[in-house]
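Welcome, and thanks for taking a look at this one with me. Please keep the sequence and the 3D view open side by side while you read.

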There are 2 protein chains.
Amino acid sequence: MEDRPGRVQRQSLSDELAQRVRRLIQQRDLQPGDRLPSILRLARDFGVAPPTVREALRKLEMLGVVDIRHGLGVFVGSDSDPLLVRNPFEGAPGARMLLDLVDARISIEPTCVALAAENATPAQLAALGALLDRAEEALPAAEAALNEANLGFHREIARASGNLVLHQLLDALGTAMRQEQRIVNHTRPLRERFHAEHLAILRALEQRDPAQAVERMRTHLEGVRQALLTAGSPDINPT
Amino acid sequence: MEDRPGRVQRQSLSDELAQRVRRLIQQRDLQPGDRLPSILRLARDFGVAPPTVREALRKLEMLGVVDIRHGLGVFVGSDSDPLLVRNPFEGAPGARMLLDLVDARISIEPTCVALAAENATPAQLAALGALLDRAEEALPAAEAALNEANLGFHREIARASGNLVLHQLLDALGTAMRQEQRIVNHTRPLRERFHAEHLAILRALEQRDPAQAVERMRTHLEGVRQALLTAGSPDINPT
């Protein structure tokens with residue numbers, strides 16, 4: 001992606017309006033879940049037609065900035081000002097992208113876990129424990145539930161790091177990570193091994209031991225990488 | 001950002017169409033700059049009205065997947081299937097976000113530069129050199145040109161790593177990094193120091209020395225962090 005300064009000139013009215021709604025959220029310090037003024041009210045305040053407001057809100061919804069609940073109203077989304085967002089039209093990542101993803105994770109997640117060992121609140125540690133309990137229940141068969149719990153475990157560690165950018169990065173990579181999980185978690189021995197590794201990472205966090213946590217995270221992700229390679233290209237690239 | 005499975009159900013016709021256009025690009029293996037069928041043709045092929053096609057294309061344009069050139073047609077964008085994208089409605093990042101950003105960069109960019117020391121092609125090394133030439137010309141006064149060249153230097157190192165995900169991450173963080181540059185590059189001594197550090201990083205890449213490149217990148221980013229802290233909150237948070 002190159003910068004295309006030309007795009008700003010072509011910025012449509014709804015883009016401009018989307019920016020203004022974003023700024024309104026910021027200026028009024030609205031929090032996730034807070035209700036925005038109605039579409040008619042926004043249209044009146046900004047001096048535009050209601051369809052333009054709707055178009056702007058749809059764009060913001062796509063980015064997670066607002067949440068349109070039909071018949072209920074428009075609410076501030078769970079992340080009102082992210083630096084980056086996952087591509088909502090992303091395809092199934094291919095083999096090479098998945099290997100690049102795990103290499104990128106090996107570069108990012110040890111930092112997340114080191115920071116989390118220092119910064120995680122007791123509530124965040126409890127939430128991580130609850131996710132692993134859920135994963136344990138799902139181990140025998142419920143693959144989708146297992147993958148969601150495991151994905152949540154990694155994402156919540158990034159959140160517990162206290163670094164907003166690292167958390168957003170992990171979050172934006174979520175869809176691709178889900179694909180990775182499907183591939184590496186389809187045999188029982190691997191699921192059990194990765195689950196045991198997750199438990200060991202959580203213990204290091206609970207003991208506030210960054211060095212141990214980093215080493216365990218790194219070993220874990222190297223194992224995921226190996227599992228991806230072993231799964232081979234037919235499985236790895238299902239599209 | 002939580003997952004909102006409800007969003008899929010509410011997926012509009014134009015979202016569905018955007019997905020189909022993305023898949024069409026993938027299936028026909030269209031490359032950046034290739035022309036897509038006309039809006040009328042797409043409308044006929046997909047059995048929808050032209051305004052729906054236009055809406056879908058606008059969404060894809062926002063994500064960099066297509067490039068709409070008025071009067072010329074619709075072309076494949078420079079990155080047709082990114083895992084993540086920068087938020088087009090992002091605000092100016094505040095002080096905390098900028099510090100988190102530089103910490104995230106310290107976690108990501110040493111990996112980028114280590115891989116680039118091994119994988120950069122001669123053409124990529126030459127392009128990095130050309131960016132630093134441009135930066136040098138801009139050093140005395142032309143701040144915007146300097147910042148663009150410097151930003152390009154970091155982004156092209158991520159590209160030269162050969163890891164698609166790391167490149168996308170750096171690319172998606174571009175707007176926030178631009179803000180960071182404006183803050184740390186406003187005194188001449190700092191500009192000259194960072195430029196000298198960039199030159200030293202490039203020399204390590206040219207010598208194919210990953211350890212040296214990593215050490216220099218880390219020192220450089222620690223210096224950027226320090227400069228951000230020194231700039232202090234009034235400058236750091238201009239909105």
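Leaving aside its neighbours within four places in sequence, which residues is Leu169(B) in contact with? This is a predicted model, and in it Leu169(B) is in contact with Leu84(A), Ile108(A), Leu169(A) and Leu173(A) of chain A. From chain B, the contacts of Leu169(B) are Leu84(B) and Ile108(B), again with neighbours within four places set aside.

## Nonpolar cores

Leu169(B) belongs to the largest nonpolar core, which has 92 residues. The members that touch the most others are Ile157(A), Leu169(A), Leu205(A), Ile157(B), Leu169(B) and Leu205(B). Apart from this core lies another, of 45 residues, and among them are Leu17(A), Ala18(A), Val74(A) and Val66(B). As a general background, nonpolar side chains in soluble globular proteins tend to be buried together.

## Leu17(A) in the other core

Leu17(A) is a handy place to start in the core of 45 residues. Leu17(A) sits in helix 2 of chain A. Is Leu17(A) buried or exposed? Leu17(A) counts as buried because its relative accessibility is 3%, and the cut-off for buried is under 20%.

Once neighbours within four places in sequence are left out, Leu17(A) is in contact with Phe46(A), Val48(A), Thr52(A), Val53(A) and Ala56(A). With Ala56(A), the separation is 39 residues in sequence but 6.1 Å in space, C-alpha to C-alpha.

## Val102(B) and its partners

Over in chain B, Val102(B) is part of helix 5, residues 95-119. Its relative accessible area is 0%, so Val102(B) is buried. Setting aside neighbours within four places in sequence, Val102(B) is in contact with Glu180(B), Leu221(B), Val224(B), Arg225(B) and Leu228(B). Val102(B) and Met177(B) lie 75 residues apart in sequence, with 8.5 Å between their C-alpha atoms.

Two of those contacts of Val102(B), Glu180(B) and Val224(B), turn up again in the lining of the largest cavity.

## Cavities

How many cavities of 30 Å³ or more does a search of the whole structure find? The search finds five. The largest cavity has a volume of about 70 Å³. Its lining is made of Arg105(B), Asn150(B), His154(B), Glu180(B), Gln181(B), Val184(B), Asn185(B), Phe194(B), His198(B), His220(B) and Val224(B). Sorted by class, these are three nonpolar, six polar and two charged residues. At least two lining residues come from each of helix 7 (143-160), helix 9 (174-184), helix 10 (188-206) and helix 11 (210-236) of chain B. Helix 9 of chain B gives the largest share, with three residues.

The second largest cavity holds about 50 Å³ of space. Here the lining residues are Asn150(A), His154(A), Gln181(A), Val184(A), Asn185(A), Phe194(A), His198(A), His220(A) and Val224(A). By class there are three nonpolar, six polar and no charged residues in this lining. Helices 7, 9, 10 and 11 of chain A each supply at least two of the residues that line the second largest cavity.

## Two helices of chain A

Helix 9 of chain A is mostly covered, with nine of its 11 residues buried. Those buried residues are Gly174(A), Ala176(A), Met177(A), Arg178(A), Gln179(A), Glu180(A), Gln181(A), Ile183(A) and Val184(A). Gln181(A) and Val184(A) also appear in the lining of the second largest cavity.

Helix 6 of chain A runs over residues 122-138, 17 in number. From first C-alpha to last, helix 6 reaches 25 Å, close to the 24 Å expected at 1.5 Å a residue. Its buried residues are Leu125(A), Leu128(A), Gly129(A), Leu131(A), Leu132(A), Ala135(A) and Ala138(A). They pack against helix 7 and helix 10 of chain A. In an α-helix, residues three or four places apart point the same way, because there are 3.6 residues a turn.

## Positive phi in two loops

Most residues other than glycine have a negative phi. Asp29(A) has a positive phi, near 55°, and is found in the loop between helix 2 (13-27) and helix 3 (39-46) of chain A. Asp29(A) is exposed, because its relative accessible area is 54%.

Arg208(A) also has a positive phi near 55°. Its place is the loop between helix 10 and helix 11 of chain A. With 36% relative accessibility, Arg208(A) counts as partly exposed.

How values were computed: Residues are numbered from 1 along each chain as its sequence is written. Chains are lettered from A and ligands numbered from 1 in the order in which they are written. This is a predicted model: local features need pLDDT of at least 70, side-chain atom pairs count only at pLDDT 80 or more; totals for chains, interfaces and linings use all residues. Side-chain values use heavy atoms; hydrogens and water are left out. On a 1 Å grid over the protein atoms alone, a cavity is a set of points where a 1.4 Å probe fits but cannot get out, and a pocket is an open set with protein on both sides within 12 Å along at least five of seven lines; lining residues have an atom within 4 Å of a point. Grid points are joined across faces, edges and corners, and a volume is the space filled by probe spheres set on the points. Helices (H or I, at least four residues) and strands (E, at least two) are DSSP runs, numbered from the N terminus. Ala, Val, Leu, Ile, Met, Phe, Trp, Tyr, Cys and Pro count as nonpolar, Asp, Glu, Lys and Arg as charged, and the others, Gly among them, as polar. A nonpolar core is a set of buried Ala, Val, Leu, Ile, Met, Phe, Trp, Tyr and Cys residues joined through side-chain atoms within 4.5 Å. Buried means under 20% relative accessible area, exposed over 50%, partly exposed in between (1.4 Å probe, protein chains only). Contact means heavy atoms within 4.5 Å. The expected span of a helix is 1.5 Å times one less than its number of residues.
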